[in-house]
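Biologist: I have a new model on my screen and would enjoy going through it with you. Let's take it one question at a time.

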Amino acid sequence: MRWIWIDKFIEFESGRRAVALKNVTLAEEHLHDHFPGYPIMPESLCIEAMAQTAGILVGEAAKFQEKVILAKIKKAVFFDCIKPGDTLKLEAVIESFAPEAAGTAGKVTCGEKLLAEIDLMFSHIDQNLAGKEFPEENFVFNTGTSVFESLLRDVLSRAGQKAEQT
Amino acid sequence: MAVSRDEIVQKVQEVLVDALGVDDDEVTIEATLMGDLGAESIDFLDIVFRLEKTFSMKIPREELFPAENLMTDSELIHNGKLTEKGLAELRQRMPHTDLSEFEKDPDINKLGDLFTVGAIVNYVENKLNAA
């Protein structure tokens, strides 16, 4: 099982920008402990959700040929709590891209409300630690990208329809 | 448009405060990025990206932080120290850095100390003036 904190992508511009949705629900068990009687989504998991949104954007920009890892949280500022019933919109934009790494800027909103700003850096690990070997299963973009295909299904089918129309 | 050295110093300080989460009074001209300011390898790239944005210029990483890929060449490094050839190579790659102190004992563990705030300011200044 993969640890996935986004439900689907609704926009995806290769190499530039991606928008994902995450529906927060009381069916998520950890919310009952965080905190009893006052369920809010842990901010660390919100950062993880942004890391997945931005990480897939960065991975796709290199056609999933690089091992992409989260290398640095440049900024993570939260303006309000995230509660069950919230539909989070996670928008990530690639700000800089180099052979060995990429930087992204991100916003998390719910409706019109800005909940968080999360800027990240990702490392293309093979370009930085050449020759060092890592277990394949540590990486997301190897054999089983099927999970991501399901996340991207909406945007992919829309892209397909557009292609048919033209 | 000419940018004064003071202005460059101030902007470089801002970049380092943001990238490394340090206080502005820690970012002195002599401060070393790794030793004094606690920079790690990914921070060097972050700094490069931020400098590119701040000064609207393209910075090849090996130009600003050129010592990183010297480490693997046995002709340039012997017993953990840079050889004469290695030093010559370093001088050529880091024209904007004063190497006289390092040359007395060219231990590769001290390479990190060469990356100072002042070296970044010099680099940016040369680059802006050349443009």
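Biologist: Is A:Pro42 buried, exposed or partly exposed?
Modeller: A word on the source: this is a predicted model, where local features need pLDDT (the predictor's confidence in each residue, from 0 to 100) of at least 70 and side-chain atom pairs count only at pLDDT 80 or more, while totals for chains, interfaces and linings use all residues. Residues are numbered from 1 along each chain as its sequence is written, and chains are lettered from A and ligands numbered from 1 in the order in which they are written. A residue is buried if 20 or more other C-beta atoms, placed from the backbone, lie within 10 Å of its own, exposed if 12 or fewer, and partly exposed in between. A:Pro42 has 13 other C-beta atoms within 10 Å, so the class is partly exposed.

Biologist: Where is the place of A:Pro42 in chain A?
Modeller: Helices (H or I, at least four residues) and strands (E, at least two) are DSSP runs, numbered from the N terminus. The C-alpha atom of A:Pro42 is 8.0 Å from that of A:Ile82, 40 residues apart along the chain. As for its place, A:Pro42 sits in the loop between β2 and α1 (43–61) of chain A.

Biologist: Which peptide bond is cis, with omega near 0°?
Modeller: Look again at the loop between β2 and α1 of chain A, where A:Phe35 has its place. The cis bond leads into this residue, running from A:His34 to A:Phe35.

Biologist: What pattern does chain A follow along the sequence?
Modeller: Chain A contains four helices and six strands. Of its 166 residues, 32% are buried. Going along the sequence, the elements come as β-β-α-β-β-β-β-α-α-α.

Biologist: How many residues lie between β1(A) and β2(A) in their hairpin?
Modeller: Strands pair if DSSP finds at least two bridges between them. Here strand β1 (residues 8–13) of chain A runs antiparallel to β2(A), with five bridges joining them, and A:Glu11 stands opposite A:Val19. The turn holds A:Gly15, with a positive phi of about 75°, and the number of residues between the strands is three.

Biologist: How many bridges join β4(A) to strand β5 (residues 101–110) of chain A?
Modeller: On one side, strand β4 (residues 87–98) of chain A pairs with strand β2 (residues 17–23) in the antiparallel sense over seven bridges, and A:Lys22 has A:Leu88 as its bridge partner. β4(A) also forms a hairpin with β5(A), with two residues between them, and there A:Val93 is partnered by A:Ala105. The β4(A) and β5(A) strands run antiparallel, and the bridges joining them number nine.

Biologist: Of the 13 residues of α4(A), what number is buried?
Modeller: This helix spans residues 153–165, and its end C-alpha atoms are 18 Å apart, in agreement with the expected 18 Å (1.5 Å times one less than its number of residues). One of its residues is A:Arg158, which counts as partly exposed because it has 13 C-beta neighbours inside 10 Å. The helix lies largely in the open, since its number of buried residues is zero.

Biologist: Which element gives the largest share of the side of chain B that touches chain A?
Modeller: Residues are in contact if their C-beta atoms, placed from the backbone, lie within 7 Å. The contact takes ten residues from chain A and six from chain B. Five residues on the chain B side come from helix α2 (residues 41–55) of chain B.

Biologist: What separation do the centres of domain 1 of chain B and domain 2 of chain B have?
Modeller: Domain bounds come from an automatic or database domain assignment. For chain B this gives domain 1 (1–61 + 115–131) and domain 2 (66–111). Taken over C-alpha atoms, the distance between the two centres is 22 Å.

Biologist: Which element of chain B has the lowest mean pLDDT?
Modeller: Chain B averages a pLDDT of 86, and 95% of the residues score at least 70. Where pLDDT is low, predicted coordinates should not be read in detail. Helix α1 (residues 5–20) of chain B has the highest mean, 95, while the lowest, 78, belongs to helix α3 (residues 61–64) of chain B.

Notes:
Two residues are in contact if their C-beta atoms, placed from the backbone, lie within 7 Å.
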